[in-house]
Amino acid sequence: MGRSLMSCKDVSSLIGQSLDGRLPLADRIRIRVHLLFCEACKRFSFQVRFLEKTMEATIRDGPPPESGSPGLSPEARERILGEIRKGKNP
Ligand SMILES: [Zn+2]
């Protein structure tokens, strides 16, 4: 019970924003603290991270050739990857 604790709603919205890496350190710390005791948000954060990794890998490596999916052109892939990297910490 503290003023500094965030609700699950706040935390999940911040976790969503943290995907583009623009979250202030203070918010990231508060998320971590919340995750220490909140199983639901911890799971949510894992899912988001998994999704992010999967997305990045798909953009980076493209779909497997045998999958038959059209995929992105190398130029589009580079552009999207660049956008993702730009948002991240230097
Ligand atoms: Zn929570």
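In this predicted model, Leu5 lies in the segment that precedes helix α1, which spans residues 8-18. The relative accessible area of Leu5 is 37%, a value that falls between the limits of 20% for buried and 50% for exposed, so Leu5 is described as partly exposed. Leaving aside residues up to four places away in sequence, Leu5 touches Val33 and Phe37. Val33 stands 28 residues from Leu5 along the chain, yet the C-alpha atoms of these two residues are separated by 8.2 Å.

The account now turns to a pair of helices. Two packed helices are described by the angle between their axes and by the distance between those axes. Helix α2 covers residues 25-37 and helix α3 covers residues 39-61. Their axes come within 6 Å and cross at roughly 120°. The angle lies outside the range of 65 to 115 degrees that counts as roughly perpendicular and is not over 145 degrees; α2 and α3 are therefore oblique to each other. The crossing of these two helices is left-handed. On the side of α2, the contact is made by His34, Leu35 and Phe37, and on the side of α3 by Glu39, Cys41, Lys42 and Ser45. By character, the residues of this contact divide into 3 nonpolar, 2 polar and 2 charged.

Cysteines complete the picture. Cys41, a member of the contact between α2 and α3, has a relative accessibility of 4% and therefore counts as buried. Cys38 has a relative accessible area of 10%, under the limit of 20%, and so is buried. A disulfide is a covalent bond between the sulfur atoms of two cysteines. The structure holds 0 disulfides.

Conventions:
Residues are numbered from 1 along each chain as its sequence is written. This is a predicted model: local features need pLDDT of at least 70, side-chain atom pairs count only at pLDDT 80 or more; totals for chains, interfaces and linings use all residues. Side-chain values use heavy atoms; hydrogens and water are left out. Axes are lines fitted to C-alpha atoms, for helices over the stretch in contact, and angles run from 0 to 180 degrees between N-to-C directions. Helices (H or I, at least four residues) and strands (E, at least two) are DSSP runs, numbered from the N terminus. Angles under 35 degrees count as roughly parallel, over 145 as roughly antiparallel, 65 to 115 as roughly perpendicular and the rest as oblique. A crossing is left-handed if the near helix is turned anticlockwise from the far one by less than a right angle, and right-handed if clockwise. Contact means heavy atoms within 4.5 Å. Ala, Val, Leu, Ile, Met, Phe, Trp, Tyr, Cys and Pro count as nonpolar, Asp, Glu, Lys and Arg as charged, and the others, Gly among them, as polar. Buried means under 20% relative accessible area, exposed over 50%, partly exposed in between (1.4 Å probe, protein chains only). A disulfide is a pair of cysteine sulfur atoms within 2.5 Å.
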